[in-house]
Amino acid sequence: MPSTTNEPVLEVRDLRAHLGTPRGVVRAVDGVSLTIGRAQALGVVGESGSGKSVMAKAIMGMLPRRSACSGRILFHGRDLLTLSDKERRKIWGAQIAMVFQDPGRSLNPVVRVQRQLVEGMRRHLGVGRTEARGRAVALLDEVGIPDPERRLRSYPHELSGGMRQRVMIAIALACEPELLIADEPTTALDVTVQRQILDLLRRIQQDRGTALMLISHDLAVVAGRTDRTAVMYAGRLAESGRTPDVFAAPRHHYTHALLGAVPTIDHARHTPLNLIPGTLPDPVDPPAGCRFGPRCAAARSECAVPGPAMISVGDDHRVACCVPVPPTSAALPGGEYLGR
């Protein structure tokens, strides 16, 4: 298995993605910086509306027309935001690929699986029809689809939801990309199939040495399946670090609250969960200071000052908080997921 290294495959620096709406400009991503190394899996978590998917779409160049994107998105040192459309098309699909949330909407319903699998290989790898078909059979077998020869002739509607998502993974892997972005890849699937798909992604990522960005609102999805975790809140990065450190000793009050809301196996029946009070701030008019401040029981006057900046609280562990959670008082309900 290829070893994880510090060699950066993707570096996102001060990324800002603002979307135009009738109400005003939505600051969906507002100054996010993160790095993914070779053969490394990074989990990006946060509530719906935190900016995770918008960040992924900014990396893939899929933002809507009424949007503005600034900062730097460096793929092996090349800034994707400065490339022409022609140069980007050579990278997307071939070197950077994405697995979307709903395979039913991503796959073309009137085109057989074979054609959807081989067209990227023929375009980016320049292989012939026979070789492309052979590769397609091998890919379907790799992602766990039985009788791959027959499934190549199928239409997407003839497959189950889990099999459609496996086809999506096969399409994403067809050109052997160096970076795979999986945006909520199991949301539409039942619990048993979810785990199969997530374990498949992790296994393939490790076997191929691919860098993986796994995006989810579910903490259990990234725990035990990623090397590092980045927690987003209201368009900003709240905390980042090695996954065991973030889950065992969360230092941002938002991460702490998220883990505190995770139901455990010994949670008493008929008792309410520890929900986070309040709601996400207005993305058109967010607070100048810490965006979690209005929901944070530990908030102080300095939390209203613009910022806060990311600070180091340990080896490769950083938080954007004026008053980080003391490591000795960190809640541990999410630690049980680390062995999954």
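1. Strand E2 (24-37) gives the largest share of the lining of the second largest pocket, 6 residues. Strand E9 (228-233) and strand E10 (236-242) also put in at least two residues each. Bear in mind that this is a predicted model.

2. That second largest pocket holds about 430 Å³ of space. Its lining runs to 26 residues, with Arg236, Leu237, Ala238, Met310 and Ala320 closest to the centre. Sorted by class, the lining comes out as 14 nonpolar, 6 polar and 6 charged residues.

3. Now the largest pocket, at about 570 Å³. Of its 24 lining residues, Gly93, Met98, Glu119, Arg123 and Ile171 sit nearest the centre. Strand E6 (96-99), helix H4 (113-124) and H7 are the elements giving two or more residues to this lining, and H4 has the largest share with 8. The class split here is 14 nonpolar, 6 polar and 4 charged.

4. H7 (residues 161-173) also packs on H8 (residues 191-208), at an angle of about 15 degrees and with the axes 10 Å apart. Angles under 35 degrees count as roughly parallel, so H7 is roughly parallel to H8. The crossing is right-handed. On the H7 side, the contact uses Gly162, Gln165, Arg166, Ile169 and Leu173; the H8 residues they meet include Val193, Ile197 and Leu200. Overall, the contact has 7 nonpolar, 3 polar and 2 charged residues.

5. What about enclosed space? A search of the whole structure turns up 1 cavity of 30 Å³ or more, with a volume of about 70 Å³. Among the residues lining this cavity are His252, His253, Cys290, Phe292, Cys321 and Cys322. The lining has 9 nonpolar residues, 3 polar and no charged ones.

Technical notes: Residues are numbered from 1 along each chain as its sequence is written. This is a predicted model: local features need pLDDT of at least 70, side-chain atom pairs count only at pLDDT 80 or more; totals for chains, interfaces and linings use all residues. Side-chain values use heavy atoms; hydrogens and water are left out. On a 1 Å grid over the protein atoms alone, a cavity is a set of points where a 1.4 Å probe fits but cannot get out, and a pocket is an open set with protein on both sides within 12 Å along at least five of seven lines; lining residues have an atom within 4 Å of a point. Grid points are joined across faces, edges and corners, and a volume is the space filled by probe spheres set on the points. Ala, Val, Leu, Ile, Met, Phe, Trp, Tyr, Cys and Pro count as nonpolar, Asp, Glu, Lys and Arg as charged, and the others, Gly among them, as polar. Axes are lines fitted to C-alpha atoms, for helices over the stretch in contact, and angles run from 0 to 180 degrees between N-to-C directions. Helices (H or I, at least four residues) and strands (E, at least two) are DSSP runs, numbered from the N terminus. Angles under 35 degrees count as roughly parallel, over 145 as roughly antiparallel, 65 to 115 as roughly perpendicular and the rest as oblique. A crossing is left-handed if the near helix is turned anticlockwise from the far one by less than a right angle, and right-handed if clockwise. Contact means heavy atoms within 4.5 Å.
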